Amino acid sequence: MQATAYTYDPESRSGSVLLDDGTPVEFGAGAFDAGGLLLLRPGQRVRIETEGSGAALRITLVTLQTL
């Protein structure tokens, strides 16, 4: 699934993304670390992997979108 980076805190390595429908979803350090990223800037397109749905939706991986 693709999303747009919305916020990122380099100290906690956590932040949030906006899904393509505008829904914000937060991610923790575990999801950020799983993607192998060093930095994330708001506005970057990212690829995410998730578990659950609805209110239980949880991001398990955040990485840069590549073609």
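Start with the whole surface. The protein exposes about 4100 Å², and carbon and sulfur atoms supply 52% of that area. Keep in mind that this is a predicted model.

**Whole chain**

Switch to the C-alpha trace. Along its principal axes it spans about 30 × 25 × 20 Å. The radius of gyration is 11 Å, in agreement with the value near 11 Å that a compact globule of 67 residues would have. Colour by burial next. Buried residues make up 30% of the 67 residues. If you draw a contact map, look far from the diagonal. Among contacts with a separation of 6 or more, 42% link residues 24 or more positions apart.

Now show the cartoon. You should find one helix and five strands. Read from the N terminus, their order is β-β-β-α-β-β.

**First hairpin: strand 1 and strand 2**

Select strand 1, residues 2-9, and strand 2, residues 14-19. The two run antiparallel and are joined by six bridges. For one of the pairings, pick alanine 3: its bridge partner in strand 2 is leucine 19.

Move to the turn. Four residues lie between the strands of this hairpin. Stop at arginine 13, in the loop between strand 1 and strand 2. What is the sign of phi at arginine 13? Phi there is positive, near 55°, and the residue is not a glycine. That deserves a look because most residues other than glycine have a negative phi. Arginine 13 is partly exposed, with a relative accessible area of 32%.

**From the turn to the helix**

Keep arginine 13 displayed and add aspartate 33. Their side chains make a polar contact at 2.7 Å. Aspartate 33 lies in helix 1, which covers residues 29-34. Is aspartate 33 buried or partly exposed? The answer is partly exposed, because its relative accessible area is 39%.

Add threonine 60 and set a distance monitor. The C-alpha atoms of aspartate 33 and threonine 60 are 9.6 Å apart, although 27 residues separate the two along the chain.

**Second hairpin: strand 4 and strand 5**

Select residues 45-51 for strand 4 and residues 58-64 for strand 5. These strands run antiparallel, with six bridges between them. Glutamate 49 is a good marker: its bridge partner in strand 5 is leucine 61. Follow the chain round the hairpin, where six residues sit between the strands. In that turn, glycine 52 has a positive phi of about 80°.

Bring strand 1 back into view. Strand 1 also pairs with strand 4, antiparallel, through three bridges. Threonine 4 stands opposite arginine 45 of strand 4.

**Threonine 63**

Zoom in on threonine 63, in strand 5. Why does threonine 63 count as buried? Its relative accessibility is 15%, and buried means under 20%. A polar atom of the threonine 63 side chain lies 3.5 Å from the backbone oxygen of glycine 35. Show the surroundings too. Beyond four places in sequence, threonine 63 is in contact with Gly35, Leu37, Val46 and Arg47.

**The nonpolar core**

Hide the polar side chains and finish inside. How many residues does the largest nonpolar core hold? It has 15. Select Val17, Phe27, Leu40, Val46, Ile48, Ile59 and Val62, which touch the most other members. Then colour the core by element. At least two residues come from each of strand 1, strand 2, strand 3 (24-27), helix 1, strand 4 and strand 5. Strand 1 gives the most, with three residues.

Last stop: valine 62. Leaving out residues up to four places away in sequence, valine 62 touches Phe27, Ala31, Phe32, Gly35, Leu37, Leu40, Val46, Arg47 and Ile48. Compare this list with the threonine 63 contacts, which also include Gly35, Leu37, Val46 and Arg47.

Conventions
Residues numbered from 1 in each chain as written. Predicted model: local features only at pLDDT ≥ 70, side-chain atom pairs only at ≥ 80, totals over all residues. Heavy atoms only, no water. Buried < 20%, exposed > 50% of the residue type's maximum accessible area, 1.4 Å probe, protein only. Polar contact = N/O pair within 3.5 Å; in protein donor to acceptor, adjacent residues only side chain to side chain. Contact = heavy atoms within 4.5 Å. Pairing = 2+ DSSP bridges. Core = buried A, V, L, I, M, F, W, Y, C linked by side-chain atoms within 4.5 Å. Rg over C-alpha atoms; globule rule 2.2 N^0.38 Å. Areas by Shrake-Rupley, 256 points an atom, 1.4 Å probe, with all protein chains shown as cover.
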